[in-house]
2 protein chains.
Amino acid sequence: MIINETQTTKHKQTTRKRLIEATARLFAQHGYNGLTMRSVAEEARANIAAANYHFGSKDAMVLEMLRERVQPINHRRLELLNQARNHNSVKHLSTYEIFHSLIFPLGEEIAKNAKSRCSLAQLIARTFTEPVQFIEKMHHQFFSQIADTYYRELALSHPGIPSKEIYWHLHLAVSSMLGALAQHRRLYDFTQGNCEENEVFPLIERLIHFVTHGFEQGINHKFDQ
Amino acid sequence: MIINETQTTKHKQTTRKRLIEATARLFAQHGYNGLTMRSVAEEARANIAAANYHFGSKDAMVLEMLRERVQPINHRRLELLNQARNHNSVKHLSTYEIFHSLIFPLGEEIAKNAKSRCSLAQLIARTFTEPVQFIEKMHHQFFSQIADTYYRELALSHPGIPSKEIYWHLHLAVSSMLGALAQHRRLYDFTQGNCEENEVFPLIERLIHFVTHGFEQGINHKFDQ
DNA sequence: AGTTTTTTCAAACAAACGTTTTAATCAATA
DNA sequence: TATTGATTAAAACGTTTGTTTGAAAAAACT
């Protein structure tokens, strides 16, 4: 199988691309165990065997889908982080700038097209709730490195704060981010109509603000233990 | 089937109780679709048919398990909320008091016994990520009422704040709470050993503090939209 | 054009799923 | 002790699961 930009391979990739998109949609909605090869094939208007032909197995298919969705976001994060570092004359970045670079790319990707809005938010949230083994591996593969980057950046910006407190509150910030994404779909029901569910960026903006102040107030507070 | 406190019914309930506990453990670990009747029966050292005998179906069994775990927590929440209302001479409660009554009961239940620690945290988080229909119903049944209670309490404590902002930031606070619970198990890996994973109450305390300040700073901030 | 490679498809595979059936076991009362 | 009702157990039910097969179709290349 040759992968290039000829017209033929483009056409070859359409079913593959449809399968990936169907996988993303169904994985976000039903999780790994709730996703079946038949449901993916039906959603993608393709044959069941085609899915196994292109990816080899269910595991590999879902993993490939996750890789394609997550990596651009992580690249954008580091891009924004470096942008903030360069455009800043001060020694260290503000907490807001750091969390902005972490969270904003998610908003960009969610808002990129209407179809994937709720899908991507749920999808990313699921990668942290699904306990399946390959997802844990994927988690270590894709997120452990970036988590370390952000820990170091925060530690640099908050000298004198015990590393344990940095860890705790970065953990809380990331948890808030993922929780908010996972719950985004439910916001409309929850408020009984008081919030429009498709307002992505206002939510993202409030989320960044929320975790920034939770983090800053948290690490400066004297806890009993 | 007679349910009372005779010795016989006690013995009758042991397998039923073992099934409920196994259901909780496996549901927390693998979600609804990842939980199988056979795995529950095996974990509970019981027969597959016994599960269907006691509960009728997989749906009913999981639902009953959730009911037994969630309701005590909600009762405790309202208890703490009323306690704060009575012991307080001021007109309205502080944001901290409100979120304390919302979150602290979770910590109590999680810390109640070592076995259910991670289990309960994940379990509750799953009830908000699993999209299965009966869980959504259960969500409306168990949580919509208490969500409304907390919205009204927060609105009462923050006069002049648009109800939309109250909704947004209560949503963020609840999302943070659930996200933190869902991620609690992963904290140890995440920090590569810098945080002891079994410190429940320190995390809970920081979580309450985190969402309190995120909420208060959030609703008082002027957002573009 | 003919040939080769890549991709699709319907059908079938064994395994695992939730559930039901039927009989055996248990505890308790008469 | 005999009998009754509640509980457990083994086996089988019909579906659905992920995966494989082998032939047909499509595309690419010489």
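**Exercise 1.** In which helix of chain B do Glu109(B) and Lys112(B) lie, and how many residues apart are they?

*Solution.* The structure is a predicted model, in which local features need pLDDT of at least 70, side-chain atom pairs count only at pLDDT 80 or more, and totals for chains, interfaces and linings use all residues. Residues are numbered from 1 along each chain as its sequence is written, chains are lettered from A and ligands numbered from 1 in the order in which they are written, and side-chain values use heavy atoms, with hydrogens and water left out.

Step 1. Both residues belong to helix 5 (residues 95–112) of chain B, 3 residues apart, or about one turn of the helix. Helices (H or I, at least four residues) and strands (E, at least two) are DSSP runs, numbered from the N terminus.

Step 2. The side chains of Glu109(B) and Lys112(B) form a salt bridge, with N to O at 3.3 Å. The term denotes a side-chain nitrogen of Lys or Arg within 4 Å of a carboxyl oxygen of Asp or Glu.

Step 3. Lys112(B) counts as exposed, at 59% relative accessibility. The classes are buried (under 20% relative accessible area), exposed (over 50%) and partly exposed (in between), with a 1.4 Å probe and protein chains only.

**Exercise 2.** Identify salt bridges that join separate helices.

*Solution.* Step 1. Glu68(B) pairs with Arg16(B), the closest N and O atoms being 3.5 Å apart. Glu68(B) lies in helix 4 (residues 58–86) of chain B and Arg16(B) in helix 1 (residues 7–34) of chain B, so this salt bridge ties together parts 52 residues apart in sequence.

Step 2. In chain A, a salt bridge of 2.7 Å, N to O, connects Glu43(A) and Arg25(A). It links helix 2 (residues 37–43) of chain A, which holds Glu43(A), to helix 1 (residues 7–34) of chain A, which holds Arg25(A), across 18 residues.

Step 3. Glu43(A) is partly exposed at 34% relative accessible area, and Arg25(A) is partly exposed at 26%.

Step 4. A network of salt bridges links Arg16(A), Glu64(A), Arg67(A) and Glu68(A). Over all chains, the search finds 20 salt bridges.

**Exercise 3.** Describe the largest nonpolar core and the surroundings of Phe99(A).

*Solution.* Step 1. This core has 123 residues, and Phe99(A) and Phe99(B) have the most contacts inside it. Such a core is a set of buried Ala, Val, Leu, Ile, Met, Phe, Trp, Tyr and Cys residues joined through side-chain atoms within 4.5 Å.

Step 2. Leaving aside neighbours within four places in sequence, the contacts (heavy atoms within 4.5 Å) of Phe99(A) include Phe104(A), Leu154(A), Ile208(A) and Phe215(A).
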